[in-house]
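Hi everyone, and thanks for letting me take a few minutes today. Please have a look at the structure on the screen, and I'll walk you through it.

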Amino acid sequence: MSLEQVLQEKYMCRYNYGIKERYKPSVTLAFTVLQLCTTPWLQSVWNKHDIYFIQSEEAPLTDQLYVRKSEKGSSDQVGQALHRYGLRAWSNPSLFALAAVLVELYFGRPLETIPSDPSELDEQGKPLPYGQTEEKKLNRLIRAIDSGTQEKEAAYFQAIKRCLRCNFDTDSLNLKSSHFQVFYTDVIAPLESCYESMM
């Protein structure tokens with residue numbers, strides 16, 4: 001069952017998960033980005049369609065997650081185009097993808113089911129090119145979350161903001177760099193700590 005299907009089921013009120021069930025895949029996906037970013041198993045551009053859960057009666061759905069290797073092709077071409085145009089949000093497509101999925105997990109619905117604001121579209125009401133609409137929508141959704149919730153789940157939202165803005169204390173935006181171990185400290189460790197506190 002793909003994460004897209006899980007989010008659709010949640011959105012249609014046919015499947016429920018709480019904060020703990022949201023943190024489990026969040027931690028796993030953050031680890032996956034760190035561990036697989038230097039391998040062919042994780043394309044630079046990925047999303048909820050590439051994340052699968054194994055359905056089992058013995059274990060909760062969110063306990064058995066894996067990332068499906070995408071077919072080489074369209075995702076690579078998208079990634080190359082985004083890099084070429086040098087948008088800030090896409091300076092590291094894997095991190096942007098992680099931020100997007102974390103927001104989708106928080107809202108419990110696919111990003112595309114959330115209407116775009118007119119300011120996020122062009123004059124004809126169509127999506128802006130090179131991921132600008134998605135970037136603007138993600139920033140708007142984060143700003144709209146009340147301060148109490150953001151304070152209560154500070155680690156979760158800080159992880160999203162850091163991935164979305166590539167806001168790390170390093171000159172390197174390349175996860176292959178040893179300097180990017182700060183990704184573990186600033187994203188994975190806080191998420192992991194919050195998840196463990198719920199156990």
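I'll start with the overall layout, then go to the core, the aromatic rings, one loop and the cysteines.

One thing to keep in mind is that this is a predicted model. The chain has 199 residues, and 46% of them count as buried. Its secondary structure is made up of eight helices and two strands. If you follow the sequence from the start, the order is α-α-β-β-α-α-α-α-α-α. The accessible surface is about 10500 Å², with 48% of that belonging to carbon and sulfur atoms. Here is a number about contacts: taking those between residues at least 6 apart in sequence, 68% join residues at least 24 apart.

Now let's go inside. Which residues touch the most other members of the largest nonpolar core? That core has 41 residues, and the ones to look for are Leu3, Trp46, Leu98, Tyr156, Ile160, Phe183 and Leu191. Several elements each supply at least two core residues, among them helix H1 (3-11), helix H2 (19-36), strand E1 (51-53) and helix H8 (182-197). Helix H4 (93-107) is on that list as well, and H4 gives the largest share, with 10 residues.

Let's zoom in on tryptophan 46. If we set aside its neighbours within four places in sequence, tryptophan 46 is in contact with Val33, Ile51, Ser94, Ala97, Leu98 and Val101. Leu98 also appeared a moment ago, among the core residues that touch the most other members.

On to the aromatic rings. There are five aromatic pairs in the count. In one of them, tyrosine 106 and phenylalanine 107 sit edge-to-face, 5.0 Å from centre to centre and with 90 degrees between the planes. Are these two residues buried or exposed? The answer is in between: tyrosine 106 has a relative accessible area of 23%, so it is partly exposed, and phenylalanine 107, at 30%, is partly exposed too.

Compare that with tyrosine 156 and phenylalanine 157. Their ring centres are 5.8 Å apart and their planes meet at 85 degrees, so this pair is edge-to-face as well. Here, though, tyrosine 156 counts as buried because its relative accessibility is 0%, and phenylalanine 157 counts as buried at 2%. Ring pairs join Tyr23, Tyr106, Phe107, Tyr156 and Phe157 into a cluster. Tyrosine 156 has another partner to point out: arginine 22 lies over the face of its ring, 4.7 Å from the ring centre.

Next, a stop in a loop. Where is glutamine 55? You'll find glutamine 55 in the loop between E1 and strand E2 (65-67). Its relative accessibility is 60%, which is over the 50% cut-off, so glutamine 55 counts as exposed. Glutamine 55 and methionine 1 are 54 residues apart in sequence, yet their C-alpha atoms are 7.0 Å apart in space.

Last, the cysteines. How many disulfides does the count give? It gives zero. Cysteine 163 is buried, with a relative accessible area of 0%. Cysteine 194 comes out at 21%, and because buried means under 20%, cysteine 194 is called partly exposed.

To recap, we have a predicted model with eight helices and two strands, and a largest nonpolar core to which H4 gives the largest share. Thanks for listening!

How values were computed: Residues are numbered from 1 along each chain as its sequence is written. This is a predicted model: local features need pLDDT of at least 70, side-chain atom pairs count only at pLDDT 80 or more; totals for chains, interfaces and linings use all residues. Side-chain values use heavy atoms; hydrogens and water are left out. Helices (H or I, at least four residues) and strands (E, at least two) are DSSP runs, numbered from the N terminus. Buried means under 20% relative accessible area, exposed over 50%, partly exposed in between (1.4 Å probe, protein chains only). Contact means heavy atoms within 4.5 Å. Accessible areas come from the Shrake-Rupley method with a 1.4 Å probe; for residues, only the protein chains shown count as cover. A nonpolar core is a set of buried Ala, Val, Leu, Ile, Met, Phe, Trp, Tyr and Cys residues joined through side-chain atoms within 4.5 Å. Rings of Phe, Tyr and Trp (its six-membered ring) pair if their centres lie within 6.5 Å; planes under 30 degrees apart count as stacked, over 60 as edge-to-face and the rest as tilted. A charge sits over a ring if NZ of Lys or CZ of Arg is within 6 Å of the ring centre and within 35 degrees of the ring normal. A disulfide is a pair of cysteine sulfur atoms within 2.5 Å.
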